[in-house]
Amino acid sequence: MAPRRLQRDDLAEIGKSKRDFLKIILAFGGLATLGSIASTLRILGFIPPPTQGASTQALAWPRIKLVNVAAIDSSKPLRFNYPLVDTPNVLLKVGRKAENGVGPESDIVAYSDVCQHLGCFYGVLSSGASPPCNSSYKARGMEGYCCCHGGQFDLVNGAKVIGGPPPRPVPAVMLEYDKNTGDIYAIGMGPPTIFGHGPPGTTDPALVLRHDLEGGEIVTEATAFARTQ
Amino acid sequence: MESKIAQWLESRLGLKATVLRPVPEYSLNPFYWLGALTVIAFVLQAFTGLLMLIYYVPTTDQAYASTLYIIRTVPLGWLIETVHLYGAYAMILLAFLHMFRGYFVSVQKQPREMMWVIGMLMGLIVLVFGLTGYLLPWTVVSKSATDVSIGMLSFLPAQIGPVLTFLLAGTGSNAAELSRFFDLHIVVLPAVLLVLLVVKMYMFEVHGAAEPSTGPKRAKEIPWFPNVFLYFAMIGSVFVAVVLLASALFPLSLPTEFTPLAASVYVPQPEWYFLWFYQVLKFASFEGEGIYYALGGVTIILALFILLPFIDRGTTRDAASRPLYTTTGLILIAELVTLTVWGYFTPGQVIPDLQALVIIVEVALVIAMMSALTYRMRSKMRGLPVRGLGLRIMALPFTHRMITSIFAVLLVMGSVSLAGLVGSLATGSINSAAASVNFIVLLSSFYFMARILRNLTLRQRGALP
């Protein structure tokens, strides 16, 4: 039997089902596009690996012996790494009772050396000194001066920002003073997070602990002073 | 006569019909070869970079030492290192020149819109090349500059910022940062740049070089070999010779190695091609959270520039008939140069808002005024020959003694006020009253000098009684 020739009605019928098919494909395509955009945004969040140690052990600040009170040179800051080997800090004897101060005169403080503006390392000025980048500026006390963009911190009063662009003070290193031996220990970091670790300005203590300890090697007494000079 | 080998190659590759076809005569002009020179610079960078890869060790405790080893111990290592540095400078400078030349003669118009967009992306990649390569020697200045640029990523929205920071620099350890920058610099960026280059060269083969924006559009065709080949070889060799000579005469001296202590007493400044942005970040208004506005503003200007062919849709290409775009381009260049020089002289100093505003507005006004006067003068003298006009205008004051003396007084006044302004910028201390007086004197002396020149020119040509 010879095959039946297609009639006009048949063609319309075929055309209709083709159009329906295309519509269905388009609808699925649109849904798939929306889904993939949503899942891409979701997947982006998985690119950074989970914080080290978060799954295996409880995170805790290391306790590091820094220096004995008798050995502190009040003319120059002591530099040390804490809580990671790549996060430098400065320890100072400011000469009068200071916010966050420990020691017999409550005048020993330590702060992160990483500026909260864009992550440069600032230098410490004694009263009356000028930074290398701005000879017309004279420090009015123990100050941190960042030569990248001119940020200034009052290291006697909790590293309060007294000039320049930093949006907030640098975090303090929590110190512990042992009355019997005179030793000073670093026992943690105050808020906010160290610049470059987690979202800037995070103050929740649990998040500060998590972000400050991620992405590097936690210091030991052996590495606390490595490559600081 | 062609050899058998040449015939075989031609029949297989067909180069003569595509890449090696004749070019129009007008393209034998250095301005048409800025892009080609940028590619030569890229090849030079690849070559010297590969040589350095033999010795360089990308770890935080070896990076500086191995760089120093290349400079001090490897035979001619200092030359390789310096050529790589100056080659980078040349590449960035040529890319900027290539872009601005294209801007002023409107090469980006139909049908070359996508060439402009791709070219802008390539330019951005060249800048990222500079940024990533800068960190590799692990010097005190390069590490600080890199930390600043990574720091800026933290101001991006929370869905993107942390991910991008992680991809570019890890989560805060120096080792992760260095190894990622190394990979970007020697693998990722070259690959992306090459792909974009191929796409752009394909479009170039389709559209050819843009005709001159003025003058005749039809030109004689010049055969590729030997004429164009020799021309290309000549300007290419001159370029490489200049880079080599500069490197031999002024070899680089490596700054000290990075340590937190060294970083805290060093005054870090970015390389010259990022100084303008560095200066913007030091404006008082952009302190603290205000950095969002600086980053956002620069991003918007950049986006507008990338999308330029879809914004400026007019068909005129002649700079003389596009006062708005030409003046905007001139202002942009003047601001970039001003910010760069200013940033160079004020490391680590915050710039008060008033001072920043005065300088930015003043530069824009001076350029806009000069541009407006030039366009007015041109429109008054339409139909007169303009050849050698600049030289004749310069000679004019010296043929009229009275006017010359007035002109000289104006010139001295203008120069003194300009020097005053520049001086107060360099020291970072500005008195707003003195600055405004200087500013007014500078503007009015400019204005009167321009008027004198204009009247003299018009009188000389008989356009005025």
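**Note on the predicted model of chains A and B**

1. Confidence in chain A. The mean pLDDT of chain A is 85, and 92% of its residues score at least 70. This is a predicted model, and the points below should be read with that in mind. Within chain A, helix 1 (residues 8–44) has the lowest confidence, with a mean of 82, while strand 4 of chain A has the highest, at 94.

2. Domains of chain A. The assignment splits chain A into domain 1 (1–47) and domain 2 (64–212). The centres of domain 1 and domain 2 of chain A, taken over C-alpha atoms, are separated by 63 Å.

3. An open sheet in chain A. Three strands of chain A make an open sheet in the order 1-10-9, and the pairing is antiparallel. Its edges are strand 1 (64–68) and strand 9 (173–177) of chain A, each of which pairs on one side only. From one strand to the next, the twist averages 35°. Five bridges link strand 9 of chain A to strand 10 (residues 183–189) of chain A in the antiparallel sense. For the register, A:Met174 can be placed opposite A:Gly188, a residue of strand 10 of chain A.

4. After strand 10 of chain A. The peptide bond between A:Pro191 and A:Pro192 is cis, with omega at about -5°. A:Pro192 belongs to the loop that runs between strand 10 and helix 2 (205–212) of chain A.

5. Strands 6 and 7 of chain A. Strand 6 (residues 143–146) and strand 7 of chain A run antiparallel and are joined by four bridges. A:Cys146 has A:Gly151, in strand 7 of chain A, as its bridge partner. The two strands, 6 and 7 of chain A, form a hairpin with four residues between them, and A:Gly150 in the turn has a positive phi of about 85°.

6. Strands 7 and 8 of chain A. Strand 7 also pairs with strand 8 (residues 160–163) of chain A, over three bridges and in the antiparallel sense. Here A:Phe153 has A:Val161 of strand 8 of chain A as its bridge partner. This second hairpin, of strand 7 and strand 8 of chain A, has five residues between the strands, and A:Gly158 takes a positive phi near 65°.

7. Burial of strand 7 of chain A. Strand 7 (residues 151–154) of chain A is covered on both faces. A:Gly151 and A:Phe153 lie on one side, A:Gln152 and A:Asp154 on the other, and all of them are buried. A:Gly151 and A:Phe153 have already appeared as bridge partners, A:Gly151 of A:Cys146 and A:Phe153 of A:Val161.

8. Positive phi outside glycine. Most residues other than glycine have a negative phi, and most peptide bonds are trans. A:Asn100 is not a glycine, yet its phi is positive, at about 65°. The loop between strand 3 (88–93) and strand 4 (108–112) of chain A holds A:Asn100. A:Asn100 is partly exposed, with 19 other C-beta atoms within 10 Å. In chain B, B:Trp138 likewise is not a glycine and has a positive phi, of about 60°. B:Trp138 is in the loop between helix 5 and helix 6 (140–153) of chain B. B:Trp138 counts as buried because 23 other C-beta atoms lie within 10 Å, where the cut-off is 20 or more.

9. A cis bond in chain B. B:Gln110 and B:Pro111 are joined by a cis peptide bond with omega of about 5°. B:Pro111 sits in the loop between helix 4 (77–104) and helix 5 (113–135) of chain B.

10. Overall form of chain B. Chain B has 18 helices and two strands. Its C-alpha atoms fill a box of roughly 75 × 70 × 45 Å along the principal axes. Of the 465 residues in chain B, 29% are buried. Taking contacts in chain B between residues at least 6 apart in sequence, 80% join residues at least 24 apart.

11. Contact between the chains. The contact involves 39 residues of chain A and 38 residues of chain B. On the chain B side, the elements giving two or more residues are helix 6, helix 7 (161–169), helix 8 (174–207) and helix 10 (260–265) of chain B. Helix 6 of chain B supplies the largest share of that side, six residues. By type, the residues of chain B that touch chain A are 18 nonpolar, 16 polar and four charged.

Terms used:
Residues are numbered from 1 along each chain as its sequence is written. Chains are lettered from A and ligands numbered from 1 in the order in which they are written. This is a predicted model: local features need pLDDT of at least 70, side-chain atom pairs count only at pLDDT 80 or more; totals for chains, interfaces and linings use all residues. Two strands pair if DSSP finds at least two bridges between them. Axes are lines fitted to C-alpha atoms, for helices over the stretch in contact, and angles run from 0 to 180 degrees between N-to-C directions. A residue is buried if 20 or more other C-beta atoms lie within 10 Å of its own, exposed if 12 or fewer, and partly exposed in between; C-beta atoms are placed from the backbone. Two residues are in contact if their C-beta atoms, placed from the backbone, lie within 7 Å. Ala, Val, Leu, Ile, Met, Phe, Trp, Tyr, Cys and Pro count as nonpolar, Asp, Glu, Lys and Arg as charged, and the others, Gly among them, as polar. pLDDT is the predictor's confidence in each residue, from 0 to 100. Domain bounds come from an automatic or database domain assignment.
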